[in-house]
Amino acid sequence: MAESELDKVSGKTTTGHQWDGIKELNTPLPRWWLITFYATILWAIGYWVVYPAWPLLWSHTTGALNYSTRAAVAVELANLEKIRGDKMIALGAASLADIEKDPALLALARARGKAAFGDNCAPCHGSGGAGAKGYPNLNDDDWLWGGSLDQIVQTIQFGARSGHTKTHEGAMLAFGKDGILKRDEIGTVANYVRSLSGLSTRQGYDVIAGAKIFVENCTSCHGEAGKGNQELGAPNLTDKIWLYGSDEATLIETITNGRAGVMPTWVGRLDPSTIKALAVYVHTLGGGK
Amino acid sequence: MNKIVQTDPDQVEGVGPLYAAPKKVYPQSVFGTFRRIKWGLMAFCLGVYYLLPFVRWNRGLGAPDQAVLIDLPNSRFYFFFIELWPQEVYYFTGLLIIAALTLFLMNSVGGRIWCGYLCPQTVWTDLFYAVERLIEGDRRERMRKAASADPLKLERISEIVLKHSIWLLLAWWTGGAWVLYFTDAPTLVKELVTFQAPAIAYIWIAILTATTYLLAGFMREQVCVYMCPWPRIQAALTDEWALNVTYRYDRGEKRMSVKKANELRALCLPAGDCVDCYQCVATCPTGIDIRNGPQIDCIQCGLCIDACDNVMKKIGRPTRLIGYDNDINIQRRMAGKPPIYGIVRPRTIIYIALIALVGGIMLYALLTRSLLDINVLHDRNPVAVKLSDGSIRNAYTVRFLNKRGFDRVVTIDVDGPQDAVLHVVGDDSTTPDRPMVVLGRDGTTELRVLVTAPSEKNSKRSIPIKFRITDIGLGEVASAIDNFVLP
Ligand code: SF4
Ligand code: SF4
């Protein structure tokens, strides 16, 4: 039982509550303050009822309005698609060269292309297009099938060795496995190929023999000087970029078993303006011709 | 049940109710120094608030010419010669720090003078009281009208209607002036009267009309006592030197009639100056008795000083029985020593120094900030690319800021890697070593920039690279530093 008394100084009564000899003055709050306070409590209860609020064991109360943030996001996304729709049409209508000239279209194409790249291309080429062993780096200036905008579109559309009728064809033969070249011939030509791009060769390696094997077997695809042929997807052997690696062992492996990496067909899976955006994005990564 | 210890049977009525009914305050009009200061400050504050949006400031073609403008759609803030961009919000932080320190300084010199003279709640409440007094009469009349059980006479109804109409008009005009800060004022005024302004303008006017009407017309001192946090903070910041509105009890007690006091003084016996006329309480807009000592409800408006001074003049006693003073001086006077007013003391000096420091830093930053800026973001994936000829290329996303109101052409070049060549994506027309870029006016331009350097000449893993842009017209230069990385 608490005892209330009069505080002489303030002229107010105390509540009778006392802590360590300190007594609490009875200064009630004004009515409007209390009403506001109760109103906020009522408001909170209303919130519980109207909006999803209570966690249950496996789910939660859904609320009288059936409101869900997920549905709200879905609506927003749909709206965004609609807004983008118009711009994507503009993108589809413009020619590839014009897109790169127009800063607004270029920004849109890059943004859209980057998103599409992340969804579709990143598993092989890496999220920044840096590629990996066997998967071309799209940032550099070395292109198997050509690095102009049109060529990139072509490659994205139909892929390489994808089975599509318009796909890029051409494969590196398995010179060893198919018995075209003998083991020591493969070693010799591998050293020759290394010398083409200025790499060191093995001690005692026979230059004349290497060049002879190369001319007889490789020039039909890689050209007399080893500069490659983009019609056939035959890499340039004189530059510093190697898709599978430039060391002797890797080269011997390549020549023995051949190579035929596959790039899938995207036409039909991606709409034309997305493919355009992708091409622009890849082109502006830096290596585009 | 609580039991009451009946120490004073006349006053203790039992444990109070759950809530306290609001005590209606009927402040009496008063004349005097502080009232005049308050009128003057009110006129000044309201004048600034209502007229500022119409002040013009020439910023050149295409830029808004309103002196103070918060341009939300374009994320710009204009204040006379200052134009702030969103990334410069730290100026507002500085401004807030200065505002807080100024409040502390005011508090250490003169208590809650902000509350009593400059706070919008005080200014508008004062204005609303003036209207009320003009229409319904002074304190006594208003109290009589409130207490009278008369059936509502036409005269009284018309008074009430008139008062609330004028209040609403003032509140509406307050909200109206608010929205003018967010768009070109003369245009918006035209749109508002022809009902063509955007809905958001009307909504904000409605909100501010409602809050002004409610806060200045009805909540009044309750805002200061219950809603505002400043009294509590202020109570923690104040010290014994702050000049607060103080009843000089050394002069005032014991309270007695003029006649009695004169008799006692004639006998050379001590007598108080306070005649218990209650004028100080009657004028107080928060309805308190300052003679009970400093209290949280006192907004330090000084009106009680004026009221008491008038009384003192009438009875021929020295004025300032209530005045801006502190307890130290009351004690000193009682001890026969002269009062001291320690306005210059470590606390105030530190506050002034801090204000000067923050203000100086802001001013320096403001005057030396560039209107041309460059930001560089290095590509992270991949950080570096080897090209077919063996050279190395790094890609950067470069953002240019042109804060001027016209387009300009800049050249970009880099320092750092040996024999570096620049290429701006989407731009084939320029010289490779110094590409030229057009920057749109009053905005940002983002470009992808490729830097290629031969690997034989650049052997370090990471080379600092400096991007520099030069406005070819004005010669303004801006630069940013990043790294050129080898694989
Ligand atoms: S006590 Fe005096 S200074 Fe304080 S609020 Fe009342 S009238 Fe103003
Ligand atoms: S106005 Fe002055 S004299 Fe009158 S009650 Fe107040 S302090 Fe005393």
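The following legends describe close-up views of a predicted model.

**View 1. The surroundings of ligand 1 in chain B.** The shell around ligand 1 includes the cysteines Cys284(B), Cys298(B), Cys301(B) and Cys304(B). Val245(B), Pro285(B), Ile288(B), Ile290(B) and Ile299(B) also belong to this shell, together with Thr286(B), Gln300(B) and Gly302(B). By residue class, nine of the residues around ligand 1 are nonpolar and three are polar, and no charged residue is present.

**View 2. The surroundings of ligand 2 in chain B.** Ligand 2 occupies the space of the second largest cavity. Its neighbours include Cys274(B), Cys277(B), Cys280(B) and Cys308(B), as well as Tyr247(B) and Tyr278(B). Val275(B), Met312(B) and Ile322(B) are also found around ligand 2, as are Asp276(B), Gln279(B) and Arg291(B). The shell of ligand 2 consists of nine nonpolar residues, one polar residue and two charged residues. Two helices of chain B, α13 (279–283) and α14 (303–315), each contribute at least two residues to the shell.

**View 3. The four-stranded sheet of chain B.** An open sheet is built from four strands of chain B in the order β13-β11-β15-β16, with antiparallel pairing. At its edges lie β13 (436–439) and β16 of chain B, each of which pairs on one side only. From one strand to the next, the twist averages 30°. In general, the strands of a sheet pair through backbone hydrogen bonds.

**View 4. The pairing of β11 with β15 in chain B.** Strand β11 (residues 408–415) of chain B is joined to β15(B) by six bridges, in the antiparallel sense. One residue pair to locate in this view is Asp415(B) with its bridge partner Lys466(B), which belongs to β15(B).

**View 5. The hairpin formed by β15 and β16 in chain B.** Strands β15 (residues 462–471) and β16 (residues 477–485) of chain B run antiparallel and are connected by nine bridges. Across this pairing, Arg468(B) is placed opposite Ser479(B) of β16(B). Five residues separate the two strands of the hairpin. In the turn, Gly475(B) adopts a positive phi of about 80°.

**View 6. The annotated transmembrane region of chain A.** An unreviewed UniProt entry lists residues 32–50 of chain A as "transmembrane region". In the model, residues 32–50 of chain A are 100% helix and 0% strand. The C-alpha atoms at the two ends of this stretch are 26 Å apart.

Technical notes: Residues numbered from 1 in each chain as written. Chains lettered and ligands numbered in written order. Predicted model: local features only at pLDDT ≥ 70, side-chain atom pairs only at ≥ 80, totals over all residues. Heavy atoms only, no water. Near = heavy atom within 4 Å. 1 Å grid on protein atoms, 1.4 Å probe; cavity = no way out; pocket = protein on both sides within 12 Å on 5 of 7 lines; lining within 4 Å. Sits in = over half its atoms within 2 Å of the grid points. Nonpolar A, V, L, I, M, F, W, Y, C, P; charged D, E, K, R; others polar. Pairing = 2+ DSSP bridges. Axes fitted to C-alpha atoms, helices over the stretch in contact; angles between N-to-C directions. UniProt positions renumbered as here; feature names shortened; annotations may be inferred.
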